[in-house]
Amino acid sequence: RRYLAVELVTAGLFAVDGWRYGDSTVLVAVLVLIAVPVLVLGATAPYAIRLSVRTVEEAGRVAGRLYAISTLGSLAGVFLSALLLIPLVGTRRTFLAFAFALALVAVPAVGRRAALAPAVLVALALAPVGTIKSADAARVLWERETEYQYARVVQDPDGERRLELNEGQAVHSSWRAGTYLTKDYWDEALVLPSIAGRVPHSIAILGNAGGTVARAYGHYFPRSRVDAVEIDGELTRAGRRWFGLGGPGLHVHTADARPFLRTASRRWDVILVDAYRQPYIPFYLATREFFDLAREHLTAGGVVLVNVGHPEESNELERVLTATMGKVFGRVSRDPVTATNVMLVASRQGGRPGAALGAAALPPDLRPVAQAAFARLAPGLPGGTVYTDDVAPVEWLIDSSILDVAAKGHR
């Protein structure tokens with residue numbers, strides 16, 4: 001239910017190319033479509049009890065029996081959909097399978113003519129799925145319903161490729177032939193570590209997606225070790241096929257970010273945190289305990305970078321992460337790369353980061369990027385709440401930010 005709510009909000013409130021406030025008609029249309037069937041299904045159990053009860057004395061027994069059956073059906077539906085049907089046949093055919101089951105059980109009571117509905121659903125399930133979502137002017141190169149999400153790779157007419165997940169409101173990886181730079185926040189991960197006074201010899205990327213940063217590190221810093229951590233193995237395979245994921249020092253790990261870090265025995269010069277299921281960052285990657293863990297796995301003078309994605313004109317998540325990181329690292333700096341992305345920078349050595357190494361020591365392609373990043377670098381925003389593993393209401397924070405942006409758009 002929470003995932004469906006996120007889909008509805010993001011689909012209805014924001015335009016395809018970012019967090020900008022858009023047209024709410026999509027949200028209203030989807031709500032209208034699902035409201036009636038959900039309301040009818042919710043009324044099924046009370047109505048069934050009313051039809052089954054003949055005397056007041058048997059009301060409790062009948063209600064208990066029907067709700068027991070309902071509970072078993074709910075459990076079966078959850079486990080069948082999540083563990084069997086969606087991984088095997090996808091979301092579309094999973095919906096059709098449950099619709100078929102509902103239509104089939106209604107046939108004995110409704111009559112023979114109702115048998116047409118299950119037959120139609122079977123025909124729809126056997127039909128080829130095709131492209132799940134349109135891509136406007138872009139071409140869909142690949143799409144998959146993985147164990148974790150819907151993912152697709154699209155290519156624009158100019159040849160740029162993008163990795164989109166779920167509702168497609170954000171780009172999670174980017175690729176363009178002949179260049180390793182993106183003119184977006186991924187480039188900052190190549191230059192911001194140099195504020196610690198050296199070119200990084202190792203980096204752990206927590207949330208690798210298709211490998212935009214990992215690929216660039218392999219090109220610009222071929223002697224550096226790159227540990228690319230991605231929970232969804234399908235995205236890693238898509239990265240190798242469509243985004244040039246590779247490099248001499250690349251080590252790919254299919255794992256969740258925090259458990260990976262907890263069991264790791266090595267330290268890194270850079271730890272990049274870029275793990276989003278838009279619009280949420282997992283709460284356990286936004287707490288003081290997590291940043292304590294990250295600090296323990298940094299080399300002396302190592303740097304933690306956190307990509308903070310947020311709606312335009314909303315900085316509540318950034319303030320919280322700044323306050324939380326500040327409890328562990330002392331001073332935190334910010335690089336406002338775009339209107340919807342801010343890079344937070346914290347060093348194990350503490351103090352105010354500065355461009356100690358300077359752009360001159362970086363590869364020529366990166367020097368203009370470094371100069372622009374160092375010019376933007378500023379102290380972190382004050383006023384945030386420190387999150388812990390015990391209390392970290394990330395979802396509430398982001399939901400309220402989305403609603404605030406939506407409300408401003410109506411004014």
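These legends go with an overview and a few close-ups of a predicted model.

**Figure 1. The whole chain, with 12 helices and 12 strands.** Of the 411 residues in the protein chain, 46% are buried. Take the contacts between residues at least 6 apart in sequence: 65% of them join residues at least 24 apart. The accessible surface of the chain adds up to about 20800 Å², and carbon and sulfur atoms account for 60% of that.

**Figure 2. A nonpolar patch on the surface.** Five side chains are worth finding here: L72, L75, V78, F79 and L83. Between them they make a patch of about 540 Å².

**Figure 3. L75, one of the patch residues.** L75 sits in helix α3, which runs over residues 59-110. Is L75 buried or exposed? Neither, quite: its relative accessible area is 45%, so L75 counts as partly exposed. That value is over the 30% that a residue needs to be part of a patch, and L75 does indeed belong to the nonpolar one, along with L72, V78, F79 and L83.

**Figure 4. T146, in the loop between β1 and β2.** Strand β1 covers residues 139-145 and β2 covers 150-155, with T146 in the loop that lies between them. T146 has a relative accessible area of 7%, so this loop residue is buried.

**Figure 5. The contacts of T146.** Which residues does T146 touch, leaving aside its neighbours within four places in sequence? Look for D232 and E234. With D232 there is also a polar contact: the two side chains are joined at 2.6 Å.

Technical notes: Residues are numbered from 1 along each chain as its sequence is written. This is a predicted model: local features need pLDDT of at least 70, side-chain atom pairs count only at pLDDT 80 or more; totals for chains, interfaces and linings use all residues. Side-chain values use heavy atoms; hydrogens and water are left out. Patches are made of residues with over 30% relative accessible area and no salt bridge: like charges are joined within 9 Å, nonpolar side chains (Val, Leu, Ile, Met, Phe, Trp, Tyr) within 5 Å. Accessible areas come from the Shrake-Rupley method with a 1.4 Å probe; for residues, only the protein chains shown count as cover. A salt bridge is a side-chain nitrogen of Lys or Arg within 4 Å of a carboxyl oxygen of Asp or Glu. Helices (H or I, at least four residues) and strands (E, at least two) are DSSP runs, numbered from the N terminus. Buried means under 20% relative accessible area, exposed over 50%, partly exposed in between (1.4 Å probe, protein chains only). A polar contact is a pair of N or O atoms within 3.5 Å; within protein, one must be able to donate a hydrogen and the other to accept it, and residues adjacent in sequence count only if both atoms are side-chain atoms. Contact means heavy atoms within 4.5 Å.
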